[in-house]
Amino acid sequence: MNTQEKISALRTEMQERGLDGFIVPKADEFQGEFVAPYAERLKWLTGFTGSAGIAVVLIDKACMLSDGRYTLQLEQQIDRDLFETADSVKLGAQGWLNEHAREDAIIGFDPSHRRGCREW
């Protein structure tokens with residue numbers, strides 16, 4: 001399954017669950033510094049292999065955010081036809097959502113990974 005197919009499958013699931021968006025952090029249920037291969041959800045969805053990042057997927061657009069250490073890596077690993085990229089320190093997931101999602105949007109996330117979503 002390629003990245004386009006993964007995004008499409010996620011968006012189909014979002015629609016089935018009545019969600020306008022979904023957040024995928026670089027985190028697992030243990031909130032440790034290192035994420036085990038089975039829990040590499042962000043890498044699976046986006047292709048990004050850095051140690052810090054978060055993806056926000058809406059029905060019609062998506063963004064991959066990470067801090068300034070990964071600017072070049074984002075450009076190399078992220079499909080820019082599918083994802084915008086942004087600095088997570090300057091904008092953050094909440095800032096991106098404020099700019100792109102409706103005010104009453106319903107945004108989903110895995111609650112066991114909520115600490116990986118510190119900026120929102």
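Trainee: Which residues is Phe48 in contact with, leaving aside its neighbours within four places in sequence?

Mentor: Those are Leu42, Lys43, Gly53, Met64, Ser66, Tyr70, Gln73, Leu74, Gln77 and Ile78. Contact here means heavy atoms within 4.5 Å.

Trainee: And what are we looking at, before I trust any of that?

Mentor: This is a predicted model, where local features need pLDDT of at least 70 and side-chain atom pairs count only at pLDDT 80 or more, while totals for chains, interfaces and linings use all residues. Residues are numbered from 1 along each chain as its sequence is written, and side-chain values use heavy atoms, with hydrogens and water left out.

Trainee: Which residues have the most contacts inside the largest nonpolar core?

Mentor: Phe48, Val57, Met64 and Phe83, in a core of 17 residues. Such a core is a set of buried Ala, Val, Leu, Ile, Met, Phe, Trp, Tyr and Cys residues joined through side-chain atoms within 4.5 Å. Helix H1 (3-16), helix H2 (41-46), strand E2 (54-58) and strand E3 (62-66) each give two or more residues to this core, and H1 supplies the largest share, 3 residues. There is also a second, separate core of 11 residues, which includes Ile54, Val56, Leu65 and Trp96. In soluble globular proteins, nonpolar side chains tend to be buried together.

Trainee: Why does Ser66 count as buried or exposed?

Mentor: Buried means under 20% relative accessible area, exposed over 50%, and partly exposed in between (1.4 Å probe, protein chains only). Ser66 has 1% relative accessibility, so Ser66 is buried. Ser66 sits in strand E3, and elements like that are DSSP runs numbered from the N terminus (helices: H or I, at least four residues; strands: E, at least two).

Trainee: What does Ser66 touch, not counting residues up to four places away in sequence?

Mentor: Phe48, Ala52, Gly53, Leu74, Ala86, Asp87 and Ser88. A polar atom of the Ser66 side chain also lies 2.4 Å from the backbone oxygen of Ala52.

Trainee: How do you know that the side chains of Glu13 and Arg17 meet in a salt bridge?

Mentor: The term asks for a side-chain nitrogen of Lys or Arg within 4 Å of a carboxyl oxygen of Asp or Glu. For Glu13 and Arg17, N to O is 2.5 Å, so the pair passes. Glu13 is partly exposed because its relative accessibility is 32%, whereas Arg17, at 61%, counts as exposed. Side chains of opposite charge can pair when their charged atoms come close.

Trainee: What is the N to O distance for Lys26 and Glu40?

Mentor: That salt bridge comes in at 2.9 Å. Lys26 and Glu40 are both in the loop between strand E1 (21-25) and H2, 14 residues apart.

Trainee: Why is Lys26 called buried or exposed?

Mentor: With 18% relative accessibility, Lys26 is under the cut-off and therefore buried. Glu40 has a relative accessible area of 18%, so Glu40 is buried too.

Trainee: Which residues are linked in a network of salt bridges?

Mentor: Asp20, Arg102 and Asp104. The Asp104 and Arg102 side chains meet at 2.9 Å, N to O. Asp104 has a relative accessible area of 54%, so Asp104 is exposed. The whole structure holds 6 salt bridges.

Trainee: How many helices and strands does the chain have?

Mentor: The secondary structure comes to 4 helices and 5 strands, in the pattern α-β-α-β-β-α-β-α-β along the sequence. Buried residues make up 43% of the 120 residues.

Conventions
A polar contact is a pair of N or O atoms within 3.5 Å; within protein, one must be able to donate a hydrogen and the other to accept it, and residues adjacent in sequence count only if both atoms are side-chain atoms.
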